[in-house]
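This report covers a sheet with its packed helices, and then a contact between chains.

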Protein chains: 2
Amino acid sequence: MPSITFQPTGKSVHVPPKTELVDAARSAGVEIESPCGGKGTCGKCIVRIVSGRVDASASLGMLPATAVADGYVLACRTRVPEADLTVEIPESLGRDGARISAGDESTLVRGDLLPRNWEYDTLSVKWCVAVPAPRREDGLSDLDRLTHRIQKDWGPVELDYPLSVIRKLAEELRAQAGVVTVTLIRTPERIHVIRVEPGDQTTRHYGIAVDVGTTTVSVQLVNLNLAASEGTRSDYNDQIACGLDVISRINYARRADRLAELRQRVLATVNRLVVQVAEAGGVAPADIGNAVVSGNTTMVHLLLGLPPEYIRLEPYTPTVLEVPYLTASEVGLGINPESWIYFSPGVGSYVGGDITAGMLCTDLATDTADVNLFIDIGTNGELVVGNNEFLLTCACSAGPAFEGGGIGCGMRAALGAIERVEVDPATGVPLCWTIGNVRPKGICGSGMIALLADLLRTGWLDAAGKFERSRPSPAIRIEGRHARYTLAPEGESGLAKAITIDEVDIENIIRAKAAIYAACALLLEHAGLTFGDLANVYIGGGFGRFLNLEKAVMIGLVPDLPREKFHYIGNSSLMGSYIVLVSQDYRQRQLDLARRMTYVDLSSDPKYMDQYTSALFLPHTDPDQFPSVHSLMRKCKA
Amino acid sequence: MPSITFQPTGKSVHVPPKTELVDAARSAGVEIESPCGGKGTCGKCIVRIVSGRVDASASLGMLPATAVADGYVLACRTRVPEADLTVEIPESLGRDGARISAGDESTLVRGDLLPRNWEYDTLSVKWCVAVPAPRREDGLSDLDRLTHRIQKDWGPVELDYPLSVIRKLAEELRAQAGVVTVTLIRTPERIHVIRVEPGDQTTRHYGIAVDVGTTTVSVQLVNLNLAASEGTRSDYNDQIACGLDVISRINYARRADRLAELRQRVLATVNRLVVQVAEAGGVAPADIGNAVVSGNTTMVHLLLGLPPEYIRLEPYTPTVLEVPYLTASEVGLGINPESWIYFSPGVGSYVGGDITAGMLCTDLATDTADVNLFIDIGTNGELVVGNNEFLLTCACSAGPAFEGGGIGCGMRAALGAIERVEVDPATGVPLCWTIGNVRPKGICGSGMIALLADLLRTGWLDAAGKFERSRPSPAIRIEGRHARYTLAPEGESGLAKAITIDEVDIENIIRAKAAIYAACALLLEHAGLTFGDLANVYIGGGFGRFLNLEKAVMIGLVPDLPREKFHYIGNSSLMGSYIVLVSQDYRQRQLDLARRMTYVDLSSDPKYMDQYTSALFLPHTDPDQFPSVHSLMRKCKA
């Protein structure tokens with residue numbers, strides 16, 4: 001079967017000849033828009049044949065002859081030939097970062113993480129009704145007739161309407177002879193009618209899942225009829241300009257105008273991503289009628305414009321952990337203004353809704369007696385350990401290193417990020433793979449972990465995070481007391497400068513991993529357990545598309561346990577938000593989990609500093625805690 | 001007992017010597033502000049002694065000696081002497097119109113119109129609680145602690161909070177050691193917390209009753225703790241510039257920008273009155289936490305920005321009759337933005353919430369088998385007839401004549417309006433009384449009725465509404481085919497021109513009264529009744545402070561029935577709004593009334609035009625319908 005390679009991502013797939021190019025792309029996990037459904041009328045699926053030959057005749061008449069001569073064809077009108085092909089998807093959809101994350105598997109709905117038995121049940125429902133025409137005799141208003149018609153299907157429940165819906169009602173009831181589609185929000189007591197549209201619009205029913213991280217924000221568009229992701233967009237949180245971690249944001253927010261600024265910045269980020277994801281999905285923002293937002297407690301406070309000061313001050317009391325439903329217009333989200341916004345409930349000032357969302361992707365949300373550990377590694381690290389009887393949680397300050405923050409050439413997992421590295425044992429020179437197979441622009445979390453692990457394995461870095469100085473490597477340059485390691489020299493990088501990493505960067509990474517490992521160890525101690533008692537370890541975070549667990553163990557980020565116990569669940573906060581968006585049962589389960597969790601304050605435990613200090617080594621000062629790593633190292637040296 | 005006269009209203013009262021001047025004013029129905037409660041500290045009750053002498057010594061030291069020398073004293077520190085006194089209340093409170101309506105009895109709460117047995121029960125409640133301090137161990141957010149504290153008093157009910165309340169919560173819970181006052185809206189299912197203030201603020205609990213008429217808008221400030229009116233302000237509806245009656249407003253609203261303009265105009269009127277009434281009462285608009293709005297169906301549509309087009313078109317279906325609760329911010333009212341606004345329910349396109357509100361001031365809202373008639377005379381005339389078994393209602397287009405609209409020198413019942421007239425039988429020259437005893441600026445509804453009745457009685461006007469031309473009167477001037485009658489010549493009027501009324505004006509008044517009388521007659525016929533079957537006739541409207549019923553019968557505005565059956569209930573829409581504002585029981589009763597009412601469409605009844613034509617006479621073409629008037633006229637001629 002011929003091999004079809006898609007640029008710029010470099011993804012390839014083997015498909016039988018005569019397969020439609022659109023289908024080949026889909027098989028390769030490459031998104032090509034085709035809103036016209038393959039009729040060849042919209043022209044959105046235009047691609048360029050870079051190498052190989054196809055029959056372009058079906059594209060003629062739909063595209064200019066000159067374009068076809070230049071190799072452009074419509075993917076929906078072109079079939080795979082007998083021989084290999086390289087196809088380029090034009091980068092016309094937006095910014096690099098946004099473009100790549102659309103094809104980023106870690107942010108798509110992962111079927112393997114979905115609950116096994118669950119009821120698909122969205123908060124909002126679209127319902128098409130034919131409302132009887134107005135009659136002089138019955139004395140009913142437009143609103144009365146609509147209410148009676150809805151009650152005929154939904155029972156004698158009270159209905160609420162916002163003014164914006166009432167304003168358009170007269171026209172909408174008369175546009176298509178009384179046939180309208182209502183968007184309903186069902187609560188136990190009443191039904192809220194948040195939208196009325198003429199005709200049958202039930203197919204256009206969307207929601208968004210939003211993960212608001214300190215460093216990264218992600219928005220996923222979900223077709224609520226199909227519970228299907230229609231794409232995800234991620235970007236840095238615009239608040240980064242005001243501080244890298246939550247404490248600096250809280251300090252920044254002390255003045256009311258700056259709190260307002262932080263709110264506007266994160267709203268601008270979210271709303272920009274909403275526009276991108278909606279445009280890419282061919283969806284009007286007004287068709288988005290429901291949203292679930294998950295974020296740490298500080299991010300939620302800042303998004304809502306709540307002063308976060310008391311999160312930082314004894315006794316660390318946030319204004320709100322369980323946010324009542326709010327409307328999009330109250331919150332400032334750029335979707336249907338009457339949409340109801342649900343916020344994943346938080347547990348405390350330092351364990352927020354991102355964690356209760358992420359837990360829904362793990363067995364911690366099931367009724368199992370097995371003890372499981374969930375580690376979410378963002379700018380803060382949060383952990384949950386427990387089973388159906390107890391749930392302990394804690395937080396530690398990891399810093400933004402694994403999302404690319406505070407590292408000279410760090411970046412988040414976007415186009416051009418080095419996500420995988422191998423180090424030549426003999427020369428110390430790296431071989432790098434980037435997201436999108438383009439010239440490197442920086443290194444993301446998974447790349448850093450791979451780099452440190454391989455430098456350690458090959459002996460070019462010691463357990464204290466210092467580069468080998470006794471033998472020369474073209475990649476290592478000594479600058480005074482510090483050494484600098486070149487990942488890509490200036491001529492090979494995608495920037496106007498070399499991509500490098502120095503010992504200060506490595507110290508930052510070690511401190512981040514030490515904070516997380518120490519927290520794991522101490523939280524288990526609080527639970528009277530050891531690592532050996534764990535049935536599963538779930539790791540969430542924004543490292544990249546894939547996390548090489550072997551290498552994460554090697555640097556001591558996670559404990560040295562049988563590898564089958566580990567599950568890298570990526571952006572579990574986003575995935576959990578998706579689950580809550582499409583399942584009211586899981587929304588309730590999340591609330592129950594949040595209320596069951598006990599927060600352990602590590603900062604008040606004197607043992608934490610001991611554990612942390614012991615972990616400031618690669619992998620750890622105590623070799624017994626990482627037997628497999630030390631046995632590997634011995635083998636390498638031998 | 002000495003007589004004390006208060007200027008500019010001219011109200012007077014006899015009180016025993018040594019009575020405090022504040023109390024004397026109160027007895028006379030004149031409002032004097034004394035926010036300090038008579039301690040002499042605020043200086044707000046300053047008045048000027050125009051004639052007579054008082055002991056001013058108690059005002060010395062509180063007012064400048066020069067002011068006391070000029071006759072100024074504090075009413076709370078001055079006692080009535082042995083002899084008569086004329087006291088002037090300084091006009092410092094605002095515009096003429098606004099000022100007068102404050103002392104206008106027809107817009108104060110009239111105890112005699114209140115239901116006899118009722119439960120005082122407001123929708124919003126202010127409640128002071130002491131919320132426990134935050135503790136690290138309990139894991140509760142600020143919102144959790146407040147919720148638990150409220151639930152301790154109100155039971156395990158669900159609580160809702162708008163974002164604006166959550167935003168200020170952290171500061172407000174910490175301002176006075178956790179003591180806060182919450183404003184609660186109680187619905188059967190949940191409690192909505194619409195405001196949180198530090199400290200005990202339970203005494204500052206206000207609502208407004210709003211009557212939105214086509215011509216006139218009134219706003220009454222109500223102290224919800226005491227169910228007491230704190231003052232009323234009325235003004236013309238700013239929409240008048242866009243048309244005098246509902247049909248011309250509906251036509252004007254056909255373009256979306258003009259609908260928006262009409263909405264802004266009526267909101268500007270209401271909000272201006274809210275500011276005035278709140279300032280006069282020393283109340284911050286944010287302390288107003290509840291509102292009831294009553295208006296005809298078109299006015300409610302325009303206030304809410306709903307296109308009114310279908311009110312005018314077959315089959316006359318309004319968008320809404322029972323408006324769900326809306327917030328002040330949705331509606332655009334300048335009070336606490338989270339306040340819940342209730343709209344009195346309407347019955348049909350031409351019988352609105354002003355009528356269901358007004359009915360609450362009549363026995364139609366009681367469980368009586370007596371048949372009662374309610375006539376509300378505004379720009380439209382609406383009627384209700386019925387008892388505990390049936391309720392029929394109809395509307396007729398009276399036009400704004402009785403509120404001063406469409407009449408050359410017409411005006412509403414405000415300072416300077418001629419409200420009472422007597423005509424010299426010999427000369428035809430009028431003697432006029434104005435509101436506030438100032439120079440006349442125009443003539444209001446009650447003045448027009450009195451004028452026509454007395455011109456008719458004295459023979460200067462005939463039954464067709466034409467002036468006597470056979471004998472000369474200094475007040476009557478013939479101008480071509482029409483005659484013009486002078487109420488006040490240029491030198492005596494309060495304007496730069498004479499106050500006059502011509503035969504075209506009189507035709508307008510006759511058409512207005514004929515429309516109403518014909519509707520009464522026909523509605524009774526639909527019910528299978530005659531005027532003689534009526535137990536009571538309630539007349540509401542904005543004629544003026546008092547309506548001389550004898551004269552209203554004389555011109556044929558209302559039927560010729562025993563006078564004790566008549567009750568002039570003034571602005572019953574405003575009074576009914578007040579009742580709904582302070583009684584949830586009456587809110588429900590109003591809704592039940594609205595649903596029980598059957599609308600009779602007079603315009604489709606061919607008999608209406610016959611009845612109307614017969615009534616285009618003073619009092620009527622059929623003398624048998626007005627025996628007492630005809631017997632009086634015979635006596636006068638004799």
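## Sheet, helices and chain contact

In this predicted model, D160(B) has H192(B) of β9(B) standing opposite. β7(B) and β9 (residues 190–198) of chain B are parallel partners, joined over three bridges.

Both strands belong to an open sheet of four strands in chain B, whose order is β6-β8-β9-β7 and whose pairing is mixed. The edge positions are taken by β6 (124–130) and β7 (158–160) of chain B; each has a single partner strand, so one side of each has no neighbour in the sheet. From one strand to the next, the twist averages 40°.

Two helices of chain B lie against this sheet. Helix α4 crosses β6, β7, β8 (179–186) and β9 of chain B, whereas helix α5 packs on the sheet with contacts to β8 and β9 of chain B.

| Helix | Residues | Strands touched or crossed | Angle |
|---|---|---|---|
| α4(B) | 142–154 | β6, β7, β8 and β9 of chain B | about 115° to β6(B) |
| α5(B) | 163–175 | β8 and β9 of chain B | about 50° with β9(B) |

Between the chains, 35 residues of chain A are in contact with 35 residues of chain B. On the side of chain A that touches chain B, the elements giving two or more residues are α4 (142–154) and α5 (163–175) of chain A. α5(A) supplies the largest share of that side, six residues. By class, the side of chain A that touches chain B consists of 20 nonpolar, six polar and nine charged residues.

Technical notes: Residues numbered from 1 in each chain as written. Chains lettered and ligands numbered in written order. Predicted model: local features only at pLDDT ≥ 70, side-chain atom pairs only at ≥ 80, totals over all residues. Pairing = 2+ DSSP bridges. Axes fitted to C-alpha atoms, helices over the stretch in contact; angles between N-to-C directions. Contact = placed C-beta atoms within 7 Å. Nonpolar A, V, L, I, M, F, W, Y, C, P; charged D, E, K, R; others polar.
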